[in-house]
Amino acid sequence: MIFNVYCGADGTIIQLLDESKVSNGVRGYNSTAINVAYTGGIDAKGKAADNRTDAQKASLLKLLRLLRRRYPVAKILGHRDISPDTNHNGTVDPWERIKECPCFDAMDEYSGI
């Protein structure tokens, strides 16, 4: 299992924590989640922004394809998608998000993997 993986702006993938360790990524999911992080996600004013480089996009796609082969039933979610659906409409609406990361719709972008 790969835990706590980081993708730099140049697309370099770095495993930050040994796979035998539980990472601290999302409360309530740490023992079962594979946490993937990347440089960016905010603009110069500290606002949420999808500013991934082309190299990051390619590396993240490659990594997630590898993980999909290893964990075929796993769900690819963004941190924001794990927020509670407080109005119970079946969707985590933007105003319900505890966190904005990632600053793009990971479920939609990676649905074909």
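These are my notebook entries on what I looked up in this structure.

**Entry 1: confidence**

I began with how far to trust the coordinates, since this is a predicted model. The protein has an average pLDDT of 88. I noted that 96% of the residues score at least 70. Then I went through the elements. Strand β1, residues 3-7, has the lowest mean pLDDT, at 78. The highest belongs to α1, at 94.

**Entry 2: the largest pocket**

Next I looked for open space. The largest pocket holds about 1,300 Å³. I counted its lining at 41 residues. Which residues lie nearest its centre? They are I34, I76, L77, G78 and H79.

I then asked which elements supply at least two residues of this lining. I found β3 (36-38), α1 (54-70) and α2 (106-109). Of the contributors, α1 gives the most, with four residues. By type, the lining splits into 24 nonpolar, eleven polar and six charged residues.

I stayed with I34 for a moment. I34 sits in the loop between β2 (13-17) and β3. Is I34 buried, partly exposed or exposed? I34 is partly exposed, because its relative accessible area is 25%. I also checked a distance from I34 to N4. The two are 30 residues apart in sequence, yet their C-alpha atoms are 6.4 Å apart in space.

**Entry 3: the second largest pocket**

I moved on to the second largest pocket. Its volume is about 200 Å³. I listed its lining: N24, G25, V26, R27, Y29, H79, I82, S83, P84, I98 and K99. Five of these are nonpolar, four polar and two charged. H79 caught my eye. H79 lines this second pocket, and H79 is also among the residues nearest the centre of the largest one.

**Entry 4: cysteines**

How many disulfides does the structure hold? I found zero. I wanted to know why, and looked at C101 and C103. The sulfur of C101 has its closest cysteine sulfur in C103, 7.1 Å away, so the gap is too far for a bond. A disulfide needs the two sulfur atoms within 2.5 Å. Looking back from C103, I got the matching result: its closest cysteine sulfur is in C101, at 7.1 Å.

I compared their exposure too. C101 is partly exposed, at 33% relative accessible area. C103 counts as buried, at 17%. The cut-off for buried is under 20%.

**Entry 5: aromatic rings**

I searched the whole structure for aromatic pairs and found two. The rings of Y38 and F104 have centres 6.2 Å apart and planes at 50°, so I logged this pair as tilted. Y38 belongs to strand β3 and F104 to the loop between α1 and α2, so the pair ties together parts 66 residues apart in sequence.

Are these two residues buried or exposed? Y38 counts as buried, at 16% relative accessibility. F104 is buried as well, with 8%.

F104 also pairs with Y110. Here the centres are 6.0 Å apart and the planes meet at 85°, an edge-to-face arrangement. Y110 is buried, like F104. I therefore drew Y38, F104 and Y110 as one cluster, because a tilted pair joins Y38 to F104 and ring pairs link the three residues.

**Entry 6: backbone oddments**

I checked the backbone last. Which residues does a cis peptide bond join? The bond joins C101 and P102, with omega at about -10°. P102 lies in the loop between α1 and α2.

I found H88 in the loop between α1 and α2 too. Its phi is near 55°, a positive value in a residue other than glycine. H88 counts as exposed, because its relative accessibility is 70%, and the cut-off is over 50%.

G46 closed the list. G46 is in the loop between β3 and α1. G46 is partly exposed, with a relative accessible area of 46%. How far is G46 from C101 in space? Their C-alpha atoms are separated by 12 Å, with their places 55 residues apart along the chain.

How values were computed
Residues are numbered from 1 along each chain as its sequence is written. This is a predicted model: local features need pLDDT of at least 70, side-chain atom pairs count only at pLDDT 80 or more; totals for chains, interfaces and linings use all residues. Side-chain values use heavy atoms; hydrogens and water are left out. On a 1 Å grid over the protein atoms alone, a cavity is a set of points where a 1.4 Å probe fits but cannot get out, and a pocket is an open set with protein on both sides within 12 Å along at least five of seven lines; lining residues have an atom within 4 Å of a point. Grid points are joined across faces, edges and corners, and a volume is the space filled by probe spheres set on the points. Ala, Val, Leu, Ile, Met, Phe, Trp, Tyr, Cys and Pro count as nonpolar, Asp, Glu, Lys and Arg as charged, and the others, Gly among them, as polar. Buried means under 20% relative accessible area, exposed over 50%, partly exposed in between (1.4 Å probe, protein chains only). pLDDT is the predictor's confidence in each residue, from 0 to 100. Rings of Phe, Tyr and Trp (its six-membered ring) pair if their centres lie within 6.5 Å; planes under 30 degrees apart count as stacked, over 60 as edge-to-face and the rest as tilted.
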